[in-house]
Amino acid sequence: MISVVLVDDQELARAGLRTILREPYGFDVVGEASDGRAAQAEVARARPDVVVMDIRMPHMDGVEATRALLAADPACRVLVLTTFGEDGVLAASLRAGASGFCLKDAPAEDIQRAVRAVASGDGWLDPAVCGRVLRRYRIDPVTDPEAVRRLGDLTARELDVLKLIGRGLTNAEIARQLVIGEGTIKTHVGRIFTKLAVRDRAAAVVFAFDHGVVRPGESPGMTGG
């Protein structure tokens, strides 16, 4: 059972999520909050596997709330739910530490898959908006000498794997493209996360775009397994 805290200022939206994230599907909604400030206390109390976070809220929006939650507990996992067209805000939420994002009007099965992916330690980037969101990184590039140094610690093969992660390929797809075993890919992915000091695939995708490993237009998609 995956425990979830819902953060959204609209009761109707939370009610819809409660219907999707029910026990028969393997979920347990253990808390709710109507804004980012209230979310901090609720998450500290309930300690959920995943926080499902709205972006637009009064008092404290989803980006600020995500940043605060990760500062308080780096193990916290946040899935952002948003509407179409909020590319810049979604990019900011990923930089704040969110493990992924999903459109509010996505099919129920996709939202369930997204929550499961984030709970398991993977990222989830909704393919409907992923390419546009990640292109925002080139508008506001990051200059981080330490990150550049970490990138230089990667082997040639690890850099190949990071590029394919950045394009949204799964471990199985990367293994097929590079013609090596999936177990070997998992080992490379673990080493990449360690060397780059990133927590999951979503963070690795962000790193790849922030530092020019993957360029806009290379068709990134959802991340997972």
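**Entry 1: Gly100**

I looked up the contacts of Gly100 in this predicted model. Leaving aside residues up to four places away in sequence, I found that Gly100 touches Val78, Leu79, Val80, Leu94, Trp124, Leu125 and Ala202. One of these partners, Leu125, I checked by distance: its C-alpha lies 5.2 Å from that of Gly100, although 25 residues separate the two in sequence. Gly100 belongs to strand 5, which covers residues 100–103. I then asked whether Gly100 is buried or exposed. Gly100 counts as buried because its relative accessibility is 0%, and the cut-off for buried is under 20%.

**Entry 2: The chain as a whole**

I recorded 11 helices and six strands. The chain has 225 residues, and 51% of them count as buried. I obtained an accessible surface of about 9,900 Å², with 51% of it belonging to carbon and sulfur atoms. Taking contacts between residues at least 6 apart in sequence, I noted that 67% join residues at least 24 apart.

**Entry 3: Nonpolar cores**

Which residues touch the most other members of the largest nonpolar core? I listed Val7, Val51, Met53, Val78, Val161, Leu162 and Ile174, out of 51 residues in that core. Helix 11 (residues 201–210) gives the most to this core, namely seven residues. Another core, of 20 residues, lies apart from it and includes Ile2, Val4, Phe27 and Ala114.

I followed Val51 further. Not counting residues up to four places away in sequence, Val51 touches Val5, Val7, Val43, Leu69, Cys76, Arg77, Val78 and Leu79. Val78 and Leu79 also appear among the contacts of Gly100.

**Entry 4: Salt bridges**

I counted 13 salt bridges and examined several of them.

- Arg18 and Glu11 meet through their side chains at 2.9 Å, N to O. Arg18 is partly exposed at 29% relative accessible area, and Glu11 is partly exposed at 40%.
- Arg113 and Asp110 meet at 3.5 Å, N to O. Both lie in helix 5 (residues 108–119), and because they are three residues apart there, about one helical turn separates them. I noted Arg113 as partly exposed at 43% and Asp110 as partly exposed at 25%.
- Asp153 and Arg149 meet at 2.9 Å, N to O. Asp153 is partly exposed at 39%, and Arg149 is partly exposed at 42%.

Finally, I traced salt bridges that share partners: they join Glu11, Arg14, Arg18 and Glu32 into one network.

Terms used
Residues are numbered from 1 along each chain as its sequence is written. This is a predicted model: local features need pLDDT of at least 70, side-chain atom pairs count only at pLDDT 80 or more; totals for chains, interfaces and linings use all residues. Side-chain values use heavy atoms; hydrogens and water are left out. Helices (H or I, at least four residues) and strands (E, at least two) are DSSP runs, numbered from the N terminus. Buried means under 20% relative accessible area, exposed over 50%, partly exposed in between (1.4 Å probe, protein chains only). Contact means heavy atoms within 4.5 Å. Accessible areas come from the Shrake-Rupley method with a 1.4 Å probe; for residues, only the protein chains shown count as cover. A nonpolar core is a set of buried Ala, Val, Leu, Ile, Met, Phe, Trp, Tyr and Cys residues joined through side-chain atoms within 4.5 Å. A salt bridge is a side-chain nitrogen of Lys or Arg within 4 Å of a carboxyl oxygen of Asp or Glu.
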